[in-house]
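Reader: I'm new to reading structures. Could we go through this one together, one question at a time?

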Amino acid sequence: MFEMHEMTVRFSIGDALRDASLRIAPGDRLGIVGESGSGKSMLAACLMGMVPQSATLSGRLTIDGTDMTHAAEDLWQTIRARRAAMIFQEPMSALNPLRRVGDTVAEPMRVHLGLGKAQARARVQALFEEVGIPDPSARLRMFPHELSGGQRQRVLIALALACDPELLIADEPTTALDANVALKITDLLVHLSQSRNMALVFISHDLAAVARATTEIAVMYGGDIVERGPTAAVLGTPAHPYTQGLLAARPDPRAMPREADGSRRRLPTIPGSVPPLQAMAKGCRFTGRCAVERSECASVKPVPTGPRHTTCHALLHEETP
Amino acid sequence: MTLLQAQGLTRRYKLPRRTVFGTPPVLTAVENISFEIAAGQTLGIVGESGSGKSTLARMAMAFEAPDAGRILFEGQDIHALGAAQLRRLRPDFQMVFQDPFSSLDPRRKVGWSIAEPLRAMGVSAPDRVAEAFEQVGLHPADGDKYPHEFSGGQRQRIAIARAIITRPKLLIADEAVSALDVSVQAQILNLLMDLQETLGLGILFISHDLAVVASVCDNLLVMQRGQAVEYGAATDILNTPSHAYTRSLLTAAGETH
């Protein structure tokens, strides 16, 4: 069980993550959604103990009850070796181009599990089968450039699974892939989480992929978790103005492109763009782009409220008039 | 009126030789593709990577010639024109690229970059630079800034300003919103719609994202491995896709709706 309570990651120019609270139990599938600069990857870095040294951490992070907030690097190494693994967006740059993919995947087993060459090889072959790589005994002798993008991502998933982690963090795992391949990789991650009772944290800006992959979702903006809850509920009836804006701005492939008078139908937009960290408002970070903004929004940080832990002054005001 | 007409376009690339004396294998990037774009209309091209979308764009921009077929711009075969004639025609069709971070010179003020097509035409008109800035929702004073001072969405606006400064009839947008966040992407798509209505632009809009293409196009060309899988009115194709590949793209794009 990974638990995060009011974690803040502070840099000299501002907070990259503010008061993030989360709980990840075995078999959970949690989606983290947000645009660039929303703090998604910083949240993942916290869970992996990979926050840059220049940052100051506050709040509490526990793994099975053990406080890891300020844990030493060697303790984190044992976590990363056996218990938590991560896959990244770009499957080409995450693999060593000069090594056969089978050797790359075998390495953590040899180092952390102390397996011999033959044992490791047998396990790699079994893992390749599990992640859906056809003809694994031939594929594990190949170099990364000989594989397609989807297959490379499968190799990276096999690498992440090498030491049977309890938590797999997938940071934009489908962004670099074509739509149809992305669907298959998404489904594979769901299947692996279910069959291994492994927690999955699926980070993406792609709402469709997150909807497919996860049961719980946390929406992030400017380093804040603005809303979290069951995936279907949050995407179906978004509570936070940012979530609402984000969902509305996504084009609908089935919508009619033109109005009755022949003019083209415009997309609903969120005005402005994500400000840089140093220019973020002290209070709610969505200030300046929000349609229901109130006078206190810029200066007072909204308290997470209600079943979705929504951080919004306007909503708070609505509920308690 | 037909602005751009592609007739039976085919483009093949020679791949590296496998053996010293063997014939090099050939990749057919685009095979027998035909389409039309009228003034004020948008043709969307959708397909996965390697489907030949960008090869089509490069041929439509006369960056490279097709091995078979013709591209007619207002009735003239652009690949049959001489270099000087083609240069005179270039202001009429312009392109917006995917990556607003690499398509602008980081060491030049953006006002200079935007005016570059005008200089290539031998025209000097500072008022047109200001006009282009305003058309894309920026301030003329922004011309004195460098690219790094702008966000990704603003940079894409600058790239669009550079493309429309020659007052083109046709705009080719190759993955022009793919690098942008969803909330900014909608702004840029709306900007393209605004410009199309005010300037009467024909747009060739290329993307791997069917939802994005669907929101801006009148006609749709679905490509897979260099072939046209479907071509026709976008609403027809999206409502009753006849090909399994189009259906799978719709599934991939429409999960949250």
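**A buried helix and a shared contact**

Author: Sure, and keep in mind that this is a predicted model. Let's start with helix H3 (residues 110-121) of chain B, where Val110(B), Gly111(B), Ser113(B), Ile114(B) and Ala115(B) are buried.

Reader: Which helices are included in what covers the buried residues of H3(B)?

Author: The buried residues in question are Val110(B), Gly111(B), Ser113(B), Ile114(B) and Ala115(B). Their cover includes two helices of chain B, namely helix H4 (126-135) and helix H5 (152-164).

Reader: Which residue follows H3(B), and what is its phi?

Author: H3(B) covers residues 110-121. Next comes Gly122(B), and its phi is positive, near 80 degrees.

Reader: Why does the radius of gyration of chain B agree with a compact globule?

Author: Chain B has 257 residues, and a compact globule with that many would come out near 18 Å. The C-alpha trace spans about 55 × 50 × 40 Å along its principal axes, and 45% of the residues of chain B count as buried. The radius of gyration agrees with the globule because chain B has 19 Å.

Reader: How many residues does each chain give to the contact, and which helix of chain B gives the most?

Author: Chain A puts in 33 residues and chain B puts in 34 residues. On the side of chain B that touches chain A, helix H6 (182-199), helix H7 (210-216), helix H8 (234-239) and helix H9 (244-253) each supply at least two residues. The one that gives the most, with 9 residues, is H6(B).

Reader: How do the residues on that side of chain B divide into nonpolar, polar and charged?

Author: This is the side of chain B that touches chain A, and H6(B) gives the most to it. The split is 17 nonpolar, 13 polar and 4 charged.

Reader: Are H10(A) and H6(B) parallel, perpendicular or oblique to each other?

Author: The axes of helix H10 (residues 241-249) of chain A and H6(B) come within 8 Å and cross at roughly 45 degrees. Roughly parallel needs an angle under 35 degrees, and roughly perpendicular takes 65 to 115. The two helices H10(A) and H6(B) are therefore oblique.

Reader: Which residues make the contact of H10(A) with H6(B)?

Author: The crossing of these two helices, H10(A) and H6(B), is left-handed. From H10(A) come Gly245(A), Leu246(A) and Ala249(A), and from H6(B) come Val182(B), Ser183(B) and Ala186(B).

Reader: And how do the residues of that contact divide by type?

Author: Gly245(A) and Leu246(A) are among the residues from H10(A). For the contact of H10(A) with H6(B), the tally is 4 nonpolar, 2 polar and no charged.

Definitions and conventions:
Residues numbered from 1 in each chain as written. Chains lettered and ligands numbered in written order. Predicted model: local features only at pLDDT ≥ 70, side-chain atom pairs only at ≥ 80, totals over all residues. Contact = placed C-beta atoms within 7 Å. Helix = DSSP H or I, 4+ residues; strand = E, 2+ residues; numbered from the N terminus. Nonpolar A, V, L, I, M, F, W, Y, C, P; charged D, E, K, R; others polar. Rg over C-alpha atoms; globule rule 2.2 N^0.38 Å. Buried ≥ 20, exposed ≤ 12 C-beta atoms within 10 Å, placed from the backbone. Axes fitted to C-alpha atoms, helices over the stretch in contact; angles between N-to-C directions. Parallel < 35°, antiparallel > 145°, perpendicular 65-115°, else oblique. Left-handed = near helix turned anticlockwise from the far one by under 90°.
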